[in-house]
Amino acid sequence: IRIQAGRYKIYRQPVEFGDVVLDAFGIMKPLLERRRQNFMLEQPETQPGVMMDHTRMTQVLVNLLSNASKYSPMGSSIALTVDQSCKHTLHVEVVDCGSGISPSEREDIFRRFVRLSDQNGAQYGVGLGLSVVKAIIEEHGGEVGVKDNPGGGSIFWFRIPINGDTI
C-alpha cells in the first residue's frame with residue numbers, strides 16, 4: 001500500500017554488498033539448516049560501495065533465498081552469485097533446484113498475490129514477496145527477472161546501478 005501511495009522510502013548510502021549478503025545469510029541460515037540445504041556463494045573478493053538501502057536490499061535477498069529454499073527439495077543446493085563484470089552495474093542471481101516456473105507464469109510472478117505451488121502442491125505465503133522484491137529493485141533504478149536454470153529449477157536475478165542512477 002505504501003508503494004502504491006508513493007510513501008515507500010529508500011535510504012541510499014554507500015554499502016558493501018558483501019555485508020548485505022552476510023546479513024541475509026544470517027537470517028536464512030536456520031531455514032537452510034532445517035531443510036538440510038547447502039548454500040553456495042560466489043562473489044568477488046572485493047566489491048565496490050554500492051549506493052543502496054542496506055535494509056531493503058537485505059529484504060530482497062531474504063525473500064529470494066527464502067523462496068529458493070521453500071520451492072527446492074530438502075537436501076538440495078541453493079546458489080547466490082554476485083557479479084560486477086560491468087563496472088557500473090551489480091548483477092545478482094539466486095539459483096534453486098525446484099521444479100521451475102512455466103513461461104506462462106513468469107509474466108505474473110512479480111505481481112501482488114501471485115503464488116505458485118511446489119512439487120507437493122503446497123503453497124507458501126500470500127504472494128507478496130516477489131512484488132516487494134520488484135518494487136525495491138525498481139526503486140534502486142534496477143530491474144529484476146526470472147529464467148530457467150539449465151540444470152532444473154529457476155534463476156531469479158536482479159541488476160542495480162552501483163552509483164544510484166538508473167539502468
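Modeller: Accessible areas come from the Shrake-Rupley method with a 1.4 Å probe, and for residues only the protein chains shown count as cover. The model is predicted, so local features need pLDDT of at least 70 and side-chain atom pairs 80 or more, while totals for chains, interfaces and linings use all residues. Residues are numbered from 1 along each chain as written, and side-chain values use heavy atoms, without hydrogens and water.

Biologist: What share of the exposed area do carbon and sulfur atoms supply?

Modeller: The protein chain exposes about 8900 Å². Of that area, carbon and sulfur atoms supply 49%.

Biologist: How many residues does the largest nonpolar core have?

Modeller: Such a core joins buried (under 20% relative accessible area) Ala, Val, Leu, Ile, Met, Phe, Trp, Tyr and Cys through side-chain atoms within 4.5 Å. Phe17, Met52, Met57, Leu61, Leu90 and Phe158 have the most contacts inside the largest one. Its residue count is 37.

Biologist: Which residue of β4 does Leu61 touch?

Modeller: Leu61 touches (heavy atoms within 4.5 Å) Phe17, Val20, Val21, Ala24, Leu80, Val92 and Phe158, leaving out residues up to four places away in sequence. β4 spans 77–83. The residue in that range is Leu80.

Biologist: Which strands stand at the edges of the open sheet?

Modeller: The sheet has 5 strands (DSSP E runs of at least two residues) in the order β2-β4-β5-β7-β6, with mixed pairing (at least two bridges). Within it, 5 bridges join the antiparallel β4 and β5, and Leu80 stands opposite Val94 in β5. Two strands have a single partner each, so one side of each lacks a neighbour in the sheet: β2 and β6.

Definitions and conventions: Buried means under 20% relative accessible area, exposed over 50%, partly exposed in between (1.4 Å probe, protein chains only). Helices (H or I, at least four residues) and strands (E, at least two) are DSSP runs, numbered from the N terminus.
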